[in-house]
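Take a moment to look over the sequence and the model below. We'll walk through it together, pockets and strands alike.

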Amino acid sequence: TQCLGFWVVPFYSGQHGQLKIADAAAVKVKSFGFSTSQAVLDTTSLEDTDRTIIPGIRSFSGTARLAYHQASAGSGGDVTTLLQKVMGTTSFPTSVSAGDGTNDVATEVTFELKIVDGSSNGRRVKFSAFITSFNMNVATGEVIEADVSFEANGAPMIVDM
């Protein structure tokens with residue numbers, strides 16, 4: 001963009017961020033973040049004078065903070081969806097009773113972290129992940145919030161940041 005003969009380089013803020021959970025836009029997202037790391041494998045031999053390496057395993061993890069929100073009473077919401085993904089079912093089968101240590105296993109969640117920058121798809125990364133941590137705090141006079149941590153399973157489906 002050009003303004004008064006000068007080029008204006010746009011900056012983006014949190015209002016340009018969007019989080020999708022299972023391909024649906026999450027509501028009341030307070031923040032999200034992610035990081036990726038690349039391990040290296042040492043290939044140095046005894047006669048080498050300098051260390052040599054090759055790429056090893058990559059990992060991808062992140063966090064999100066969501067305010068507890070229901071579109072209508074009893075409708076659940078994004079926080080409920082994520083909690084169910086990590087804790088399993090909300091009702092016990094007839095052959096299972098509370099406290100016996102059996103419940104559904106955790107299931108994967110598809111996340112899409114996006115910066116809405118005016119382009120047709122925005123800048124985004126989409127991946128399948130397991131919830132590794134879920135923390136929800138309830139305090140008098142404050143909005144209920146949930147902090148969620150996740151680890152990607154496999155390579156991202158889309159990387160366009």
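Which element gives the most to the lining of the largest pocket? Strand β5 does, with 5 residues. Keep in mind as you look that this is a predicted model. The pocket itself has a volume of about 240 Å³, and 16 residues line it. If you want to find its middle, go to G14, G17, Q18, V29 and F32, which are the lining residues nearest its centre. Two elements each give two or more residues to this lining: β3, spanning 17–21, and β5, spanning 29–42. As for chemistry, the lining splits into 8 nonpolar, 6 polar and 2 charged residues.

Now step back and take in the whole chain. You'll count 10 strands and 1 helix. Where does that helix come in the order? Reading along the sequence gives β-β-β-β-β-β-α-β-β-β-β, so to speak a run of strands with the helix set between β6 and the strand that follows.

Next, some of the pairing. Strand β9, residues 145–152, is a good place to stand, with partners to look at in β6 and β8. With β6, residues 53–67, β9 pairs in the antiparallel sense over 7 bridges. To get the register, find R65, whose bridge partner in β9 is D147. With β8, residues 123–137, the pairing is also antiparallel and runs over 8 bridges. Here M136 stands opposite A146 in β9. While you're tracing these strands, remember that in a regular strand the side chains alternate between the two faces of the sheet.

Strands β6 and β9 turn up again at the second largest pocket, where each gives two or more residues to the lining. β6 has the largest share there, with 3 residues. This pocket holds about 150 Å³ of space. Its lining consists of T36, R58, S59, F60, E151, A152, G154, A155 and P156. Sorted by type, that makes 4 nonpolar, 3 polar and 2 charged residues.

Finally, a few numbers for the chain as a whole. How much of the chain is buried? Of its 161 residues, 19% are. The accessible surface comes to about 10,900 Å², and carbon and sulfur atoms account for 54% of that. Contacts tell you about the reach along the sequence: counting those between residues at least 6 apart, 51% join residues at least 24 apart.

Terms used
Residues numbered from 1 in each chain as written. Predicted model: local features only at pLDDT ≥ 70, side-chain atom pairs only at ≥ 80, totals over all residues. Heavy atoms only, no water. Helix = DSSP H or I, 4+ residues; strand = E, 2+ residues; numbered from the N terminus. Buried < 20%, exposed > 50% of the residue type's maximum accessible area, 1.4 Å probe, protein only. Contact = heavy atoms within 4.5 Å. Areas by Shrake-Rupley, 256 points an atom, 1.4 Å probe, with all protein chains shown as cover. Pairing = 2+ DSSP bridges. 1 Å grid on protein atoms, 1.4 Å probe; cavity = no way out; pocket = protein on both sides within 12 Å on 5 of 7 lines; lining within 4 Å. Points joined across faces, edges and corners; volume = space filled by probe spheres on them. Nonpolar A, V, L, I, M, F, W, Y, C, P; charged D, E, K, R; others polar.
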